[in-house]
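The following exchange asks why particular labels are applied to parts of a structure. Each reply sets a computed value against its criterion.

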Amino acid sequence: MKFTTKTIHAGQKPDKATGAVTVPIYQTSTYKQDEINVHKGFEYSRSGNPTRQALEECLAALENGRFALTFSSGLAAEHAVLSTLKPGDHVIAAEDMYGGTYRLFEQVFKPYGLQFTYVSGNTGDFEKAVKPETKLFWIESPTNPLLRIIDISGVSAIAHKNNIKVVVDNTFASPFFQQPLLLGADLVVHSTTKYIGGHSDLIGGALIVNDEEWYAKLKFLQNAIGAVPCAFDCWLMLRGIKTLSVRMKQHEENALRIATFLESHQRITQVYYPGLPSNPFHNLAKKQMTGFGGMISFKLLQGDEKAANSFFKKLKIVSLAESLGGVESLICYPSAMTHASMPEEQRNAIGVTKDLIRLSVGIEDVEDLIEDVSQGLNYSRTI
Ligand SMILES: *Cc1c(COP(=O)(O)O)cnc(C)c1O
């Protein structure tokens with residue numbers, strides 16, 4: 001089955017009992033047993049739920065993986081991954097990452113004895129940081145918020161030579177544009193809150209993995225910790241996924257148009273979008289992705305919080321908000337929003353400066369978006 005057919009059919013056979021073509025919302029906490037421990041595969045909805053199972057089968061198929069597990073948020077999914085490590089274990093992460101992931105590493109798992117080293121996204125830097133205790137490489141690609149591209153197969157080759165596993169947060173690309181397991185990664189993380197859900201109406205997370213032993217550990221933790229998504233959210237995700245292909249194509253088409261517009265704007269000093277031929281990661285992106293996605297970051301001339309606020313206040317269609325990947329365009333100010341949980345020194349080191357703005361390009365008519373951003377950039381500096 002091709003990708004787009006999978007989005008609509010994988011894990012989603014018509015309901016045996018009624019013929020319903022849409023997977024029902026199994027809004028139940030528990031299941032009647034015929035005899036003690038004799039049941040139809042479900043006992044209690046923290047351990048398993050048919051709507052969730054359909055979603056997990058679909059996600060595994062989309063990422064070309066064997067197993068998927070879903071969680072109540074992207075961070076809950078990440079928490080499960082890190083919970084498979086033990087005190088003393090070491091993780092090497094690419095420094096340009098989601099602020100909440102950094103906070104989970106530094107403020108939750110470091111006190112439990114895990115060690116973290118942050119490196120640039122360059123392949124060689126991962127190799128240099130390897131220690132005997134290194135168990136995981138953790139990368140995002142494209143990265144948040146600077147849209148850098150990390151060579152997934154290059155990093156995976158180094159990892160495997162050293163018996164280390166590679167986790168890729170594939171939230172920004174979505175499986176439509178990139179399938180990290182096929183590039184050699186061992187585990188894929190998603191914040192399904194973003195493109196997978198696609199409509200800014202839920203919080204969710206997912207893991208996709210091939211290794212059966214790791215999957216068994218993660219499945220145990222999914223149930224033992226209990227951060228599972230509810231049936232309704234699973235149903236919303238399944239509904240969202242059905243249009244993933246058409247949405248992603250439109251996000252990308254709009255993003256390329258807007259990035260090109262921004263690149264020639266006199267109030268913009270820098271545009272970060274891997275789809276631009278001028279972008280230093282363009283060729284690598286072309287090699288490992290089938291498209292460039294819908295996220296753009298850019299820097300405002302003489303940009304600071306005040307200038308950014310003046311710009312945001314003038315916008316009529318694009319909303320100032322956290323999050324990304326929905327049908328509606330959202331803009332944010334990383335240094336004080338998504339990356340506020342990262343110390344300023346660390347933010348400056350990776351380029352998340354006060355003039356940086358991140359735009360999640362929606363699927364509205366692109367002419368309207370360009371007009372909105374264009375009039376917004378006309379803000380007066382004295383406001
Ligand atoms: C949003 C996000 C997360 C966290 O996911 P939640 O669903 O908000 O918990 C992790 N990684 C990336 C890249 C994200 O954008």
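Q: Why is Phe177 called buried?
A: In this predicted model, Phe177 has a relative accessibility of 3%. Buried means under 20%, so Phe177 meets the criterion.

Q: Why does Phe176 count as buried?
A: The relative accessibility of Phe176 is 17%. The limit is under 20%, and Phe176 therefore counts as buried.

Q: What makes Phe176 and Phe177 an aromatic pair, and which geometry does the pair have?
A: The centres of the two rings are 4.9 Å apart, and rings pair if their centres lie within 6.5 Å. The planes of Phe176 and Phe177 make an angle of 65°; because angles over 60 degrees count as edge-to-face, this pair is given that name.

Q: How many aromatic pairs does the rule give?
A: The count comes to 12 aromatic pairs.

Q: Why is the pair of Phe105 and Phe116 called stacked?
A: Phe105 and Phe116 lie 4.5 Å apart, centre to centre, with 10° between their planes. Planes under 30 degrees apart count as stacked, so the label applies to Phe105 and Phe116.

Q: Which parts does the pair of Phe105 and Phe116 tie together?
A: Phe105 belongs to helix H4 (residues 99–109), whereas Phe116 belongs to strand E3 (residues 115–119). The pair therefore ties together parts that are 11 residues apart in sequence. Both Phe105 and Phe116 are buried.

Q: Which residues do ring pairs link into a cluster?
A: The cluster consists of Phe298, Phe311, Phe312 and Tyr379, linked by ring pairs.

Q: What makes the approach of Asp169 to the ligand a polar contact?
A: A side-chain N or O atom of Asp169 is 2.7 Å from a nitrogen atom of the ligand. A polar contact is a pair of N or O atoms within 3.5 Å, so the Asp169 pair qualifies. Ser191 has a side-chain N or O atom 2.8 Å from a ligand oxygen atom, and a polar side-chain atom of Lys194 is also 2.8 Å from an oxygen atom of the ligand. The protein buries 93% of the 380 Å² that the ligand exposes when taken alone.

Q: Which residues come nearest to the ligand, and what classes make up the shell?
A: Of the 14 residues around the ligand, Gly74, Asp169, Ser191, Thr193 and Lys194 come nearest. The shell has 4 nonpolar, 6 polar and 4 charged residues. Helix H3 (residues 74–82) gives the largest share of the shell, 3 residues.

Q: Why is H3 described as largely enclosed by the rest of the structure?
A: Of the 9 residues of H3, 7 are buried, so the helix is largely enclosed. The buried residues are Gly74, Ala76, Ala77, Glu78, Ala80, Val81 and Leu82.

Q: Why is the closest cysteine sulfur to that of Cys234 not a disulfide partner?
A: The closest cysteine sulfur, in Cys230, is 6.8 Å from that of Cys234. A disulfide requires sulfur atoms within 2.5 Å, so the distance between Cys234 and Cys230 is too far for a bond. Cys234 is buried, with a relative accessible area of 0%. The structure holds 0 disulfides. Cys58 is accordingly in no disulfide, and its nearest cysteine sulfur, that of Cys234, is 12 Å away. Cys58 is likewise buried, at 0% relative accessible area.

Q: What makes the phi of Ser174 notable?
A: Most residues other than glycine have a negative phi. Ser174 is not a glycine, but has a positive phi of about 70°. Ser174 is in helix H7 (residues 174–177) and counts as buried because its relative accessibility is 0%.

Q: Why is Ser323 called partly exposed?
A: Ser323 has a relative accessible area of 25%. Buried means under 20% and exposed over 50%, so Ser323 falls in between. Ser323 has a positive phi of about 80° and is found in the loop between strand E10 (319–320) and strand E11 (330–332).

Q: Which value accompanies the cis peptide bond from Ser141 to Pro142?
A: Omega is near -5° for the bond from Ser141 to Pro142. Another cis peptide bond joins Asn144 and Pro145, with omega about 5°. Pro142 lies in the loop between strand E4 (134–140) and helix H6 (152–161), and Pro145 also lies in the loop between E4 and H6.

Terms used. Residues numbered from 1 in each chain as written. Heavy atoms only, no water. Near = heavy atom within 4 Å. Polar contact = N/O pair within 3.5 Å; in protein donor to acceptor, adjacent residues only side chain to side chain. Areas by Shrake-Rupley, 256 points an atom, 1.4 Å probe, with all protein chains shown as cover. Helix = DSSP H or I, 4+ residues; strand = E, 2+ residues; numbered from the N terminus. Nonpolar A, V, L, I, M, F, W, Y, C, P; charged D, E, K, R; others polar. Buried < 20%, exposed > 50% of the residue type's maximum accessible area, 1.4 Å probe, protein only. Phe/Tyr/Trp six-rings, centres within 6.5 Å; stacked < 30°, edge-to-face > 60°.
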